[in-house]
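Me: I'm new to this one and would enjoy a close look at its sheet, along with whatever lies around it. Could you walk me through it in a friendly way?

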Amino acid sequence: MVETRRTTRGNVQGRSKNVRAVQAPKTNGTAPTNQTKRKAIQEAAEKGKGKKRAKNNYLSYLPRSHEVGSDPNHNIRLLNLPRDIFDEITSWLEPDALTCLSLTCKEILSIVGRESWTECRSKRQYWNQTNGSWTHFRYSLIPLLGRDTPHLIVCGPCMTLHPPFKPPREHRKTKLTKSCFGQWSTIDYLPNDELGGYNLLWEHIVEARKSLALESTDKIGSPIELLDGNFTVRHKRLNYTLISSGRQIRKNLVLKHEHIFHGVDTRSSLRLADITALPVRLCPHQTTSTQKSEPNCFTKGRLPSGLLTHSITTAAPPSLRIGMPAPNMFSSPVSSEKKQMDSAVSSGKALWTCRACPTKWHVQHSGEGGGELKITAWHSLGDTAYRAQEYWKMLVRREMWNLGDGKRNSEFFAGTRQYLDFAIDDEE
Ligand SMILES: [Zn+2]
Ligand SMILES: [Zn+2]
């Protein structure tokens, strides 16, 4: 037997504790409670009023003939049907669809009432045959309403209609979008102030991936507009500019962040200690912060990694290194980090890599003007959708006091992770 929507609705009613047996005569055995109830009330009203009511028993529920001319509703066929046929049709509608119908005009609202609104708001669930699961009418109502609001998106996680997400240069965490994106969905450690910022969401990566060419190419792709960003945060002694871009390099989607620190005082040089004190962060693991983790059983005695601070120190002349944090404020480097530190001394120009995420960076210093330090960082999001997801998780910082060891991803929890090497657009 093919189950109809009507029978499904009957089931929902059956699950409700508010269902009352309606004594109205049933025209046929399967008529849903709503409809029977409505009819029963109507019939009772008619009986009570006798002849007087019969006089008002206007077959259609449209305005009277003298009003019809001005009412555009009379052109709609549905509203010109005899009342019992209209009732029969609407009796087949689920609360979500009936709510939408009730929102089309006052006329229909006055007939079908607001009962379906309450049903959509209730926590009661119904069996969705298409998905094969129990679900709320609220979850099916929102996408239906979304059809009439092309300027809004149906947001699955918070189940509301709200404006589509903005590019990372404009996206801001608001009260409305706070619960939209899960805990792993935002890179929010890049600098921010009320005038600018760069908040990358997983949705941005999904969107950017659509513009990637499938075939491998040796050429460096053109910048993906969505990922562009450029803003400056002003500090007391320096300006911090972040220039962001993203493009395809070989097969991979690669993000590039240029962190530029510019001394504002031309009479004195830019001190490295002023930069590291901000602090600067390239990825969840590479930061100049010397702050210790909140002490608890997971974080006992953990210190941040000092590789970024070390890379900044080696790039600038010794005279500017005054006040830099001592090495004992950081965790001792692991062998792969030690190797990088040693080769930086011998080669002069070094490309540093993070062992816990696909991040590479180099640091340049220029003494012109007030002095300028530039850290160029590249982050790979791999060549496939699967890798993008895997690498993204490595690039999202998670550090909360109540999280276990395995769920954290920060400078205190930077284990060596496997990722494919990636090419960068290092022109210099
Ligand atoms: Zn949302
Ligand atoms: Zn990292």
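Reply: Helix H6 (residues 95–102) is a mostly covered helix, with 7 of its 8 residues buried; buried means under 20% relative accessible area, exposed over 50%, and partly exposed in between, using a 1.4 Å probe and protein chains only. The buried residues of H6 are Pro 95, Asp 96, Ala 97, Leu 98, Thr 99, Leu 101 and Ser 102. Helices (H or I, at least four residues) and strands (E, at least two) are DSSP runs, numbered from the N terminus.

This is a predicted model, in which local features need pLDDT of at least 70 and side-chain atom pairs count only at pLDDT 80 or more, while totals for chains, interfaces and linings use all residues. Residues are numbered from 1 along each chain as its sequence is written, chains are lettered from A and ligands numbered from 1 in the order in which they are written, and side-chain values use heavy atoms, with hydrogens and water left out.

For the wider setting, the protein chain holds 14 helices and 14 strands. Of its 428 residues, 43% count as buried. Among contacts (heavy atoms within 4.5 Å) between residues at least 6 apart in sequence, 57% join residues at least 24 apart.

Now for the sheet. Six strands form an open sheet in the order E9-E10-E11-E14-E13-E12, paired antiparallel. Strand E9 (229–234) and strand E12 (352–353) stand at the edges with a single partner strand each, so one side of each has no neighbour in the sheet. Two strands pair if DSSP finds at least two bridges between them. Strand E11 (residues 252–263) and strand E14 (residues 372–380) run antiparallel and are joined by 9 bridges. In one of these, His 259 has Ile 375 in E14 as its bridge partner.

Let's follow the chain through E10 and E11. Asn 239 sits in strand E10 (residues 238–249) and is buried, at a relative accessible area of 15%. Not counting residues up to four places away in sequence, Asn 239 touches Thr 232, Val 233, Arg 234, Ile 260, Phe 261, His 262 and Val 264.

Between E10 and E11 comes a loop that holds Arg 250. Most residues other than glycine have a negative phi, yet Arg 250 has a positive phi of about 55°. Arg 250 counts as partly exposed, at 42% relative accessibility.

Past E11, Val 264 lies in the loop that leads to helix H11 (272–276). This valine is partly exposed, with a relative accessibility of 43%. Leaving aside neighbours within four places in sequence, Val 264 is in contact with Lys 236, Arg 237, Leu 238 and Asn 239. Val 264 and Arg 234 are 30 residues apart along the chain, and their C-alpha atoms are separated by 9.4 Å.

After H11, the loop leading to H12 contains Pro 279. The peptide bond from Leu 278 to Pro 279 is cis, with omega near -10°, whereas most peptide bonds are trans.

Helix H12 (residues 307–315) lies across E12, strand E13 (359–366) and E14, and runs at about 30° to E13. Axes here are lines fitted to C-alpha atoms, for helices over the stretch in contact, and angles run from 0 to 180 degrees between N-to-C directions.

In the loop between H12 and H13 you will find Met 324, which is buried at a relative accessible area of 16%. Leaving aside neighbours within four places in sequence, Met 324 is in contact with Leu 272, Ala 273, Thr 276, Thr 309 and Thr 313. Met 324 and Thr 309 are 15 residues apart in sequence and 8.4 Å apart in space, C-alpha to C-alpha.

H12 also takes part in the largest pocket, giving the most to its lining with 4 residues. On a 1 Å grid over the protein atoms alone, a cavity is a set of points where a 1.4 Å probe fits but cannot get out, a pocket is an open set with protein on both sides within 12 Å along at least five of seven lines, and lining residues have an atom within 4 Å of a point. Of the 26 lining residues of the largest pocket, Ser 305, Gly 306, Phe 330, Ser 331 and Pro 333 lie nearest its centre.
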